[in-house]
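Please open the structure in the viewer and follow the stops below in order. Each stop names a selection and then states what is found there.

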Amino acid sequence: MRQVIIIGSGPAGYTAAIYAARANLAPLVIASSVEAGGELMNTTEVENFPGFPEGVMGPELMEKMQAQAERFGAEVLYDDVVSLDVDGPVKRVALGSGATHEAATIIYATGSAPRKLGLAGEARLSGHGVSYCATCDGFFFRDRVIAVVGGGDSAIEEATFLTKFASKVYLIHRRDQLRASKIMQQRAFTNEKIEPVWNSEVADILGDDAVTGVVLRSTVDGSTRELPLEGLFVAIGNDPRTHLVHGVLELTPEGTVRVDGRSSRTSVPGVFAAGDVVDPTYRQAVTAAGSGTVAALDVEHYLAAQADAVSTDELETVAGASGA
Ligand code: NAP
């Protein structure tokens, strides 16, 4: 049986793995078969991770974190967790490959997934003009007119990146002010390929086999109009990935895993959670990394307390047997 299994391989998972490995806990990281490295694998340049004054590409940052965890003895498995059994002192993690791994503790660091608009045409045209990842799909939109939906840092980052390929990028936002940080806003407003479309939401996505346009609805007066385009990138935030722990761990009203105060302790003893899956507010690579640190330290303390309890029991048994 392992001391700790870490589910997730974003900044929270790998930072937890670095700390757990350096504490000689020989962590097993379940990194996912298709989404290893987490959301930063879909990001371009990360400019705000301390220690990289010139910036660092998201995938490169994740490779470095993995290498650092492996250097201290973490083992990484590219597989998907299909179910969790966390009742009792031995936790069981069943994988898509059919294997089951056991551990005394689990760190749940599954991050978050891109939010959907929830429109009828969205699923049908996903991969046919509708995308959630500019770095993955931007290349296909060379000299095309496209749009990004959203007003946060992700939307601006995607829109700015997409101007490398597209001839024009509409930025469709439901209000008349962006949520994105000032430096990102400045970057978008000075880019002549980006045209903001304020106070508008996407009411429908048009096209049979490929996106041909969208229907925009004004959030001011409800009027609608069509905007022809060939690609729609949705960047309206992320939702915590909690599908494996519904009915298993307590969740908050925001849908994140509930943890005890500033710790990573969940509602189940021996199960800890870290990163975007517990954070409805900050969701930065660096805060996720910090949260992974907390989880690894909490695991260390938990295991030490368990070991102490076992030794005390043994002492009492020995004392009882010798009649002391
Ligand atoms: P976010 O900050 O939550 O922004 C989501 C945006 O989408 C908001 O502008 C929101 O509009 C809009 N939106 C949400 N639901 C919508 C819907 N159903 N229809 C239309 N619009 C909708 O999410 P994010 O941009 O993904 O950023 C998440 C976190 O990651 C943030 O903390 C951000 O700072 C961070 N991040 C940082 C960087 C960076 O620093 N380089 C890059 C990417 C992300 P309202 O504004 O009206 O609510």
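**The ligand and its surroundings**

Begin by selecting Asp153: in this predicted model, one of its polar side-chain atoms lies 2.6 Å from an oxygen atom of the ligand. Next, select Arg179, where a polar side-chain atom is likewise placed 2.6 Å from a ligand oxygen atom. Then add Arg283, which contributes through its backbone: an N or O atom there lies 3.4 Å from an oxygen atom of the ligand. Taken alone, the ligand exposes 910 Å², and the protein buries 79% of that area.

Now widen the selection to the 18 residues around the ligand, of which Asn48, Asp153, Ser154, Arg175 and Arg179 come nearest. Colour this shell by residue class to see 4 nonpolar, 8 polar and 6 charged residues. Which helix gives the most to the shell? Select residues 153–162, which form helix 5; this helix gives the most, with 3 residues.

**A pair of helices**

Leave the ligand and select helix 1 (residues 11–22) together with helix 2 (residues 58–71); the two pack at an angle of about 20 degrees, and their axes are 8 Å apart. Because angles under 35 degrees count as roughly parallel, helix 1 is roughly parallel to helix 2. Finally, view the pair where they pass: helix 1 makes a left-handed crossing with helix 2.

Methods. Residues are numbered from 1 along each chain as its sequence is written. This is a predicted model: local features need pLDDT of at least 70, side-chain atom pairs count only at pLDDT 80 or more; totals for chains, interfaces and linings use all residues. Side-chain values use heavy atoms; hydrogens and water are left out. A residue is near a molecule or strand if one of its heavy atoms lies within 4 Å of it. A polar contact is a pair of N or O atoms within 3.5 Å; within protein, one must be able to donate a hydrogen and the other to accept it, and residues adjacent in sequence count only if both atoms are side-chain atoms. Accessible areas come from the Shrake-Rupley method with a 1.4 Å probe; for residues, only the protein chains shown count as cover. Helices (H or I, at least four residues) and strands (E, at least two) are DSSP runs, numbered from the N terminus. Ala, Val, Leu, Ile, Met, Phe, Trp, Tyr, Cys and Pro count as nonpolar, Asp, Glu, Lys and Arg as charged, and the others, Gly among them, as polar. Axes are lines fitted to C-alpha atoms, for helices over the stretch in contact, and angles run from 0 to 180 degrees between N-to-C directions. Angles under 35 degrees count as roughly parallel, over 145 as roughly antiparallel, 65 to 115 as roughly perpendicular and the rest as oblique. A crossing is left-handed if the near helix is turned anticlockwise from the far one by less than a right angle, and right-handed if clockwise.
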